[in-house]
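Subject: Structure handover

Hello,

Here is the structure I promised to pass on. Please open it alongside this message.

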Amino acid sequence: MQPSGGSYSETILATDCLSHYVGQHLRGSFQGMPISRQYTPVSSTESRGFFDVLIKVYSNGKMSSYIRSWQVGDMVEWRGPFGRFSYQPNKFRRIGMLAAGTGIAPMLQVIQGILANEDDETFIHLVYSSQRYADILMKDTLDEMKAFWNFSVLYIVTKESEADKSNIKYGDKVYYGRINQELVSREMPKPSPDVQILICGTKSFDKDMINYLKISGYTPDMYFKF
């Protein structure tokens with residue numbers, strides 16, 4: 001692919017890769033429609049000839065109405081990569097992640113980048129919020145990642161109670177309720193120059209998480225919002 005105005009929009013050939021960095025995203029639009037949305041690839045940065053994105057279709061979403069009608073052979077324009085986040089192996093001792101819903105996408109890319117590098121010894125702890133246990137996105141992938149020594153995950157379920165835990169997979173750690181300041185302080189690594197907290201969710205989720213981090217003593221250089 002050749003850069004055009006700081007973005008990439010040409011067809012990906014079988015031998016091409018996106019040439020994006022860990023934590024970067026793309027913007028997708030449907031056949032020239034004025035609506036576009038940003039999506040983070042959840043496939044490896046080394047994938048050639050294809051890339052995967054995680055898309056949640058909403059009943060009343062403007063972009064969702066187009067996505068719902070997609071057929072094999074339809075053209076979708078992708079531009080990018082974009083994003084200010086830049087990850088360097090072993091730059092941080094620990095990375096904490098606060099994600100909700102489709103906010104798992106950029107987290108997956110960072111986790112994959114770290115776990116795929118045998119020389120990267122960064123510890124990662126993900127706190128991932130969903131309305132229901134069955135709503136957890138990319139669950140199979142997260143289950144596979146739990147086999148690595150330096151990754152752990154706590155699932156937050158906001159619209160179910162412990163009475164519903166009969167469907168919980170053995171070994172999963174689940175918290176019932178909403179993420180609050182006490183939980184953030186307990187689950188995230190303590191504020192330190194060698195710690196980084198990553199945040200991605202809805203606007204209200206991001207605002208709450210940043211507020212909790214500030215209360216817990218984190219300075220702006222210690223967290224990043226996708």
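Below is what was found, from the whole chain down to single residues.

**The chain**

Please keep in mind that this is a predicted model. The chain has 226 residues, and 43% of them are buried. Five helices and nine strands make up its elements. Read from the N terminus, they follow the order β-β-α-β-β-α-β-α-β-β-α-β-α-β. The accessible surface is about 12,600 Å². Carbon and sulfur atoms account for 49% of that surface. Contacts often span long stretches of sequence: of those between residues at least 6 apart, 69% join residues at least 24 apart.

**The sheet**

Six strands build an open sheet. Their order across it is β7-β6-β5-β4-β8-β9, and the pairing is parallel. The edges belong to β7 (174-176) and β9 (223-225). Each edge strand has a single partner, so one of its sides has no neighbour in the sheet. From one strand to the next, the twist averages 15°.

Two pairings are worth a look. β6 and β7 run parallel and are joined by three bridges. Here Val 157 sits opposite Tyr 176 of β7. β4 and β5 are also parallel, and seven bridges link them. In that pair, Ile 95 faces Ile 124 of β5.

How much of β4 is buried? Six of its seven residues are, so the strand is largely enclosed by the rest of the structure.

**Helices on the sheet**

Two helices to look at here are α2 and α5. Helix α2 packs on the sheet and touches β4, β5, β6 and β8. Its direction makes about 155° with that of β4. Helix α5 covers residues 203-215 and also packs on the sheet. The strands α5 touches are β4, β5, β8 and β9. The direction of α5 makes about 155° with that of β8.

**The cores**

The largest nonpolar core holds 32 residues. Which of them touch the most other members? They are Met 97, Leu 126, Leu 142, Phe 151 and Leu 198. The elements that supply two or more residues are β4 (94-100), α2 (104-115), β5 (123-130), α3 (139-145), β6 (151-157) and β8 (195-200). Of these, α2 gives the most, with eight residues. A second core lies apart from this one. It has 20 residues, including Leu 98, Leu 183, Val 195 and Ile 197.

Leu 126 is a good place to start in the largest core. Setting aside neighbours within four places in sequence, Leu 126 is in contact with Met 97, Ala 99, Ile 104, Ile 111, Leu 142, Phe 151, Ser 152, Val 153 and Leu 154.

**One buried acid**

Now turn to Asp 172, in the loop between β6 and β7. Is Asp 172 buried or exposed? Its relative accessible area is 11%. The cut-off for buried is under 20%, so Asp 172 counts as buried. What joins its side chain to that of Tyr 133? A polar contact of 2.5 Å does. Beyond residues up to four places away in sequence, Asp 172 touches Tyr 133, Lys 139, Asp 143, Lys 146 and Tyr 155.

Over to you.

Best wishes

Technical notes. Residues are numbered from 1 along each chain as its sequence is written. This is a predicted model: local features need pLDDT of at least 70, side-chain atom pairs count only at pLDDT 80 or more; totals for chains, interfaces and linings use all residues. Side-chain values use heavy atoms; hydrogens and water are left out. A nonpolar core is a set of buried Ala, Val, Leu, Ile, Met, Phe, Trp, Tyr and Cys residues joined through side-chain atoms within 4.5 Å. Buried means under 20% relative accessible area, exposed over 50%, partly exposed in between (1.4 Å probe, protein chains only). Helices (H or I, at least four residues) and strands (E, at least two) are DSSP runs, numbered from the N terminus. Contact means heavy atoms within 4.5 Å. Accessible areas come from the Shrake-Rupley method with a 1.4 Å probe; for residues, only the protein chains shown count as cover. Two strands pair if DSSP finds at least two bridges between them. Axes are lines fitted to C-alpha atoms, for helices over the stretch in contact, and angles run from 0 to 180 degrees between N-to-C directions. A polar contact is a pair of N or O atoms within 3.5 Å; within protein, one must be able to donate a hydrogen and the other to accept it, and residues adjacent in sequence count only if both atoms are side-chain atoms.
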